[in-house]
Amino acid sequence: MLLHVQWLHLVIDKPKWDILKILLSKLVELRQLDLSLPALHENYLMPRKMLSKNVSMAHLKTLRISGPRRLKSSQQYPDVSFLLQDLLKRVQMPSLSELWLKRVAAKEKHTIRKLLIKYCDSIKSLELELSIAMDSSKTILSEIHEYAKEALAGKIPLKSLGFCFIRDVSALYTYQADKLAHKHKHDDGQDATNAGGGSGGGGGGGGTQSDNLMGRIFAGSPKPMSTNLDGRDSPLSLIGAMTLSTPHGSHASKMMVDPVLSKILDANEHKLRVYASKIVNELSDKVSFERLVYPGSVAEIHWNAINRPSTLRNLHVLVRPNDIVQGLDHLCTHCGHTLTNLKLTVHGLGNSDEDDNDGSNAKAKSKTKTKTKSLFKIEQDLLHHLNRNLSQCTKLRHVRLVIGGGGSADEDESAHNRLEIGRVSIDSFCEFMVQHGSTLSTVELYCYYLTFDLDKLKQSQSDKKGIGSSGSKFFIPNVKQGIQERLEDLFFSCSHLRKIKIYHTTSTSKFIA
């Protein structure tokens, strides 16, 4: 009876591969195979041979191989090179149309490229979720880039392509141990020099003040969230703000990655994004995309080539404030008339691709930050500017807006992300909803704060209660009721609207539905 199983999700929690060998050789009627592989010890070597005989899986359409979601110290992601080599040599999958590789490594070169070339006539969906800390991620993307160069226009049925990059700090201690050791020695020497210089005048022999790197992985920000970038308190005098806090608190908001680790992650992430943009541009003239998940800079993509056949429906992109002025308008001009599903993530300046990790580009970075702050004033939040760009998207049905995501090692930049980038006005949100009210069905908004005009809300609620102008001076408005009334009005004005969800950026708990 088990031989006729068509869908199998196999979770291997320990590195014992006998069950995998048996199932792959016996279950030839499979249509979908999900393999969840365990985290392995740092020096563990994967078996070089999984199958001993040839197998034909004529009905297999979906192959998903994934690794662990989290790594502990001295653990590594499973290397799927030899498994893929066995699949190439021993297993025939003529109907394979969907390939997922998530949180895995591929140390043997050209394995993934050979797999893509062999099944280039059938693969329609390719999903990649790669660790930023792992050098093998760059190797995987370089092989896919080579495959994209060799591909012939009109010969590839690929319609869906997705990239996802994971900032896993724990993996740095496995894959970037040499860099961490060098950084740690450099920091210890610098701290010792600073301590010696401070105690030389007093002759008291001050001790070394170096902190252990392990003890500084996570550190809370000493600045309050209401402090402005110039050091002055920012009470938002004319605008009220509501923090979308969660009942259990936000884990990400209380912890900030150590700057040493963050710099290494930023440098690796920039390299991966460059490869991702090259792959997308290389395939733009050769395939007809219907779905694209692209985490790089919007301005680097040839959107006119991607949507030339007018097939792009589902798009997930990461946008920075500079892209709103430059690249987002180009995207909406060429793709807005066909998009129905849009997930737009707006990050702050902390992870900008223009940042140079060695500090040589600090002047340009400072100019960019100043320009961005002048663009988005306190009276007009970032969503107000997004509305003007997205006006050309006339068929949107499902929208997810993530405003103010992305961490930063710099406390000033992190505060800027929260106070400027991650702040959404309820008026701008309602303006966006009304603008697309004839087509919108579901909307999800992720932000740090919902802001509102306190004077306008006070005047409106005091008028409803019949309180005169003299009494309204001491009237305290009901913020929750005011937001609820605005959302109820949206359901009446938007004919197809079924669901509105508002979340905190760093949370999965729902605030308003």
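Which side chain does E282 meet in a salt bridge? We'll get to that pair once the overall layout is in place.

What you have here is a predicted model. The chain holds 17 helices and 20 strands. Of its 513 residues, 50% are buried. Its accessible surface is about 25100 Å², and carbon and sulfur atoms account for 52% of that. Now look at how the contacts run along the sequence: take those between residues at least 6 apart, and 80% of them join residues at least 24 apart.

Let's start with the N-terminal part. S36 sits in strand β2, which covers residues 32-36. With a relative accessibility of 19%, S36 counts as buried, because the cut-off is under 20%. Set aside the neighbours within four places in sequence, and S36 is in contact with H9, L10, V11, I12 and S66.

Strand β2 turns up again when you look at helix α2, residues 81-90. In α2, 7 of the 10 residues are buried, so the helix is largely enclosed by the rest of the structure. Those buried residues are S81, F82, L83, L84, D86, L87 and L88. What do they pack against? The partners are α1 (18-26), β2, β5, β7 (91-92) and α3 (111-118).

From β5 you can step straight to a salt bridge. R64 pairs with E98, and their closest N and O atoms are 3.1 Å apart. R64 belongs to strand β5 (residues 62-66) and E98 to strand β8 (residues 98-102), so this pair ties together parts that lie 34 residues apart in sequence. The two ends differ in how covered they are: R64 is partly exposed, at 23% relative accessible area, while E98 is buried, at 18%.

Stay with E98 for a moment and look at S125 in strand β9, residues 125-131. S125 and E98 are 27 residues apart along the chain, yet their C-alpha atoms are separated by 4.7 Å. S125 is buried, with a relative accessible area of 12%. Not counting residues up to four places away in sequence, S125 touches S97, E98, L99, W100, L158 and S160.

Back to salt bridges, then. How many are there in total? The count comes to 14. One of them joins the side chains of D266 and R167, at 3.0 Å from N to O. This pair links distant parts of the chain: D266 is in helix α8 (residues 259-284), R167 is in the loop between β10 (160-166) and α5 (172-175), and the two are 99 residues apart. Here D266 is buried, with a relative accessible area of 17%, whereas R167 is partly exposed, with 31%.

That brings us to the opening question. E282 meets K286 in a salt bridge, with an N to O distance of 3.7 Å. E282 is partly exposed, at 27% relative accessible area, and K286 is buried, at 15%. There is also a network to trace: salt bridges that share partners join R167, D266, E269 and R273 into one. Two of its members, D266 and R167, are the pair we have just met.

Further along, find I324 in helix α10, residues 321-325. At 5% relative accessibility, I324 counts as buried. Its C-alpha atom is 7.0 Å from that of L386, a residue 62 places away along the chain.

Finally, turn to two helices in the later part of the sequence, α16 (residues 454-464) and α17 (residues 479-493). They pack at an angle of about 90 degrees, with their axes 11 Å apart. That angle makes α16 roughly perpendicular to α17. Which residues make the contact? On the α16 side they are L457, Q461 and K464, and these meet V479, Q481, G482 and E485 of α17. The residues of this contact are a mix: 2 nonpolar, 3 polar and 2 charged.

Methods
Residues numbered from 1 in each chain as written. Predicted model: local features only at pLDDT ≥ 70, side-chain atom pairs only at ≥ 80, totals over all residues. Heavy atoms only, no water. Axes fitted to C-alpha atoms, helices over the stretch in contact; angles between N-to-C directions. Helix = DSSP H or I, 4+ residues; strand = E, 2+ residues; numbered from the N terminus. Parallel < 35°, antiparallel > 145°, perpendicular 65-115°, else oblique. Contact = heavy atoms within 4.5 Å. Nonpolar A, V, L, I, M, F, W, Y, C, P; charged D, E, K, R; others polar. Salt bridge = Lys/Arg side-chain N within 4 Å of Asp/Glu carboxyl O. Buried < 20%, exposed > 50% of the residue type's maximum accessible area, 1.4 Å probe, protein only. Areas by Shrake-Rupley, 256 points an atom, 1.4 Å probe, with all protein chains shown as cover.
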